[in-house]
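Biologist: I am new to reading models like this one. Could we go through it together?

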Amino acid sequence: MEIDEFGMDLFSLSGRSAIVTGGNTGLGRGFSVALAAAGADILVVGLDEDDGTTGRLVARHGGRMTFVKADLTQRDVPGEVVRWCLEELGSVDILVNCAGISVLADVAQFGRDQWDPMVAVNLTAAFELAHEASRVMIAQGSGKIINVASLFSFVGGRGSPAYAATKAGIVGFTRAYCDELAGHNIQVNAIAPGYFATAITEETRADPEADRRILEHIPAARWGNVSDLMGAVVFLASRAADYVNGQVLTVDGGYLVR
Ligand SMILES: NC(=O)c1ccc[n+]([C@@H]2O[C@H](COP(=O)([O-])OP(=O)(O)OC[C@H]3O[C@@H](n4cnc5c(N)ncnc54)[C@H](O)[C@@H]3O)[C@@H](O)[C@H]2O)c1
């Protein structure tokens, strides 16, 4: 593209199809609505019952949203999700691996029962979806894979060794996939949200001491709102990021610099 061809349509996702896992709650809802507002049609996959909120917000932007209730840790489900997206929406242009869980326990209590489910959702399901989607994207000659990392990709994860391990793992996986897929015009990046007020952080926010400690550490002096992430996902999903590869875009109110 020449400089004089630059315009805001570079951020348009019109005609694109996106899979957003965990897309009907929390951060995933924001990702789905942001992608729809930029023009994409959305296939949302999640475990929770869909109360219709995300679909209504997507429709307000003129987008289409299909919800599939499925457990991504079940073998064959990631492959089926990619096939559903192809059948329902005609292509798989964007994959946002947002589904994730966090279980907190002291090291002494933290065993395989806590470890295994987190690895299965946060890491293995994300890998399987990226694996399946990348085959479609290679055939299409383009695609965007956006993985959801965390501050615990970079810093210690008190009370949740598996969460920290999976979120560090997702960054390694992002870079490895990026390296192989960039030559196919597929950009693989990650977003690392800081502390956001969603269901996954409910336990932490309910603890006044933890809440105070976290806020003291955030230069912006507040928890993130879901809307704080919406620009980041549109950027990484759009043509504006065609030469952005293997990055982790941290959106954390400055947490990591303090
Ligand atoms: N909220 C934060 O502060 C924060 C910070 C950093 C990273 N994250 C990450 O953001 C992502 C979304 O978290 P959130 O805060 O929106 O919490 P959330 O609990 O609202 O969202 C989690 C979503 O994952 C889905 N999910 C869980 N297990 C699944 C499974 N087996 N199959 C299919 N879907 C499944 C749930 O249905 C839900 O929609 C997670 O990966 C989380 O680790 C959150």
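Biologist: Which residue follows α1, and what is the sign of its phi?
Modeller: Gly39 follows α1, and its phi is positive, near 120°. Helices here are DSSP runs of H or I with at least four residues, strands are runs of E with at least two, and both are numbered from the N terminus. Residue numbers start from 1 along each chain as its sequence is written. This is a predicted model, where local features need pLDDT of at least 70 and side-chain atom pairs count only at pLDDT 80 or more, while totals for chains, interfaces and linings use all residues.

Biologist: How do you know that the span of α1 agrees with its twelve residues?
Modeller: The expected span of a helix is 1.5 Å times one less than its number of residues. For α1 that gives 16 Å, and its end C-alpha atoms are 17 Å apart, which agrees.

Biologist: What makes α1 largely enclosed by the rest of the structure?
Modeller: A residue is buried if 20 or more other C-beta atoms, placed from the backbone, lie within 10 Å of its own (exposed: 12 or fewer; partly exposed: in between). Eleven of the twelve residues of α1 are buried, so α1 is largely enclosed. Among them are Leu27, Arg29 and Phe31. In the protein chain, buried residues make up 41% of the 258 residues.

Biologist: Why is the protein chain called as compact as a globular protein of its length?
Modeller: The globule rule is 2.2 Å times the number of residues to the power 0.38, and the radius of gyration is taken over C-alpha atoms. The rule gives 18 Å for 258 residues and the chain's radius of gyration is 18 Å, so the chain is as compact as a globular protein of that length.
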